[in-house]
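Pull up the model and keep the sequence beside it. We'll walk through strands, helices and a few side-chain contacts, one stop at a time.

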Amino acid sequence: PKPAGGRSCYEAIGRAFGDLYAPGNEVGRRYLRHRGLDDDDAAALGLGFTRCPRNVMDQFRVYEPEALGFITIPFWNEDFSEARYCMLRTISRGEVRNKEWRPKGVASPLWNEWMLQAGLGCVYVAEGLIDAMVLTKVLNKSVMALGGTSNARRLAQVLHHGDRDLWPGKVVVCMDED
């Protein structure tokens, strides 16, 4: 598979985390609480908030006039020392064009993709990113996310091209009803 991610956006993600708690950005925290994620989860996962996606990654080309803002969802490496990719989740009162936005021209990894080559006994995979975050909380284990069924092929590619000795012993896939 193609290497995924772009340049590090670590510092921008740190600013977005701080912005989640800035005055006037309560809509971000309310959205996360509504989805079952609290302040501890936001801190553990490095979630943040932005009104200007290009402040996080230059490659974001977002047009969402009904958006109140965006939750930033970083894709960390195994030890949380680097994030080379970030997705946005739109927060809106009305109709939106896209629930999730990806940066243009940057190869998309799977969320927690590193788990496929970490020699783990079992890897849990959820379809959506928020689903994976909530499962992480419920299971008290790291969970990987496809970020949509269109990325299932990437899961197979990473496994196929990776070191067989580092494959997980078992992969448990948890999909939505649809």
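Let's start with one pair of residues: Tyr124 sits opposite Val172 of strand S7. That pairing belongs to a wider match, in which S5 (residues 122–126) and S7 run parallel and are joined by five bridges. Keep in mind as you look around that this is a predicted model.

Now zoom out to the sheet. S6, S5 and S7 make up an open sheet of three strands, in the order S6-S5-S7 and with parallel pairing. Strand S6 (143–145) and strand S7 (170–174) are the edge strands, each with a pairing on one side only. If you ignore direction, neighbouring strands here are turned against each other by 30° on average. Helix H4, covering residues 129–139, lies across S5, S6 and S7, and runs at about 175° to S6.

H4 is also a good way into the charged contacts. How many salt bridges does a search of the whole structure find? It turns up five. One of them ties Asp41 to Lys137, with the closest N and O atoms 2.9 Å apart. This pair links distant parts of the chain: Asp41 belongs to helix H3 (residues 39–45) and Lys137 to helix H4, 96 residues apart. Are the two partners buried or exposed? Asp41 has 12% relative accessibility, so it counts as buried, because the limit for buried is under 20%. Lys137, with a relative accessible area of 38%, is partly exposed. There's a third member here too, as Asp38, Asp41 and Lys137 are linked in a network of salt bridges.

Next, move over to the strands S1, S2 and S3. S2 spans residues 67–76 and S3 spans 83–92. S1 and S2 pair in the antiparallel sense over three bridges, and S2 and S3 do so over eight bridges. A handy residue to click on is Phe70 in S2: Phe70 is the bridge partner of Thr50, and in S3 the bridge partner of Phe70 is Thr90. S2 is mostly covered, with eight of its ten residues buried. Between S2 and S3 the hairpin has six residues, and there Phe80 takes a positive phi near 60°.

What packs against these strands? Look at helix H1 (residues 10–19), where Ala12, Ile13 and Ala16 are buried. Seen down the axis of H1, the buried residues fall within an arc of 100°, so they line one face of the helix. Those buried residues pack against strand S1 (48–50), along with S2 and S3.

H1 and S2 also meet through aromatic rings. The structure holds four aromatic pairs. In one of them, the ring centres of Tyr10 and Trp76 are 5.7 Å apart and the planes are at 80°, so this pair is edge-to-face. It's a link between distant parts of the chain, with Tyr10 in helix H1 and Trp76 in strand S2, 66 residues apart. Tyr10 is partly exposed at 40% relative accessibility, whereas Trp76 is buried with a relative accessible area of 12%. Phe17 and Tyr21 give you another pair: their ring centres are 5.4 Å apart with planes at 65°, so these rings are edge-to-face as well. Phe17 has a relative accessible area of 28%, which makes this residue partly exposed, and Tyr21 is partly exposed at 33%. Phe80, which we met in the hairpin of S2 and S3, comes back here, since ring pairs link Tyr10, Trp76 and Phe80 into a cluster.

Last stop: the salt bridges around S3. Glu100 and Arg89 meet through their side chains at 2.7 Å, N to O. Glu100 is in strand S4 (residues 100–101) and Arg89 in strand S3, eleven residues apart. At 9% relative accessibility Arg89 counts as buried, while Glu100 is partly exposed at 23%. Arg84 and Glu82 form a salt bridge as well, at 3.0 Å from N to O. Arg84 counts as partly exposed at 36% relative accessibility, and Glu82 is partly exposed with a relative accessible area of 29%.

Notes. Residues are numbered from 1 along each chain as its sequence is written. This is a predicted model: local features need pLDDT of at least 70, side-chain atom pairs count only at pLDDT 80 or more; totals for chains, interfaces and linings use all residues. Side-chain values use heavy atoms; hydrogens and water are left out. Two strands pair if DSSP finds at least two bridges between them. Helices (H or I, at least four residues) and strands (E, at least two) are DSSP runs, numbered from the N terminus. Axes are lines fitted to C-alpha atoms, for helices over the stretch in contact, and angles run from 0 to 180 degrees between N-to-C directions. Contact means heavy atoms within 4.5 Å. Buried means under 20% relative accessible area, exposed over 50%, partly exposed in between (1.4 Å probe, protein chains only). The arc is that of the directions from the helix axis to the C-beta atoms. A salt bridge is a side-chain nitrogen of Lys or Arg within 4 Å of a carboxyl oxygen of Asp or Glu. Rings of Phe, Tyr and Trp (its six-membered ring) pair if their centres lie within 6.5 Å; planes under 30 degrees apart count as stacked, over 60 as edge-to-face and the rest as tilted.
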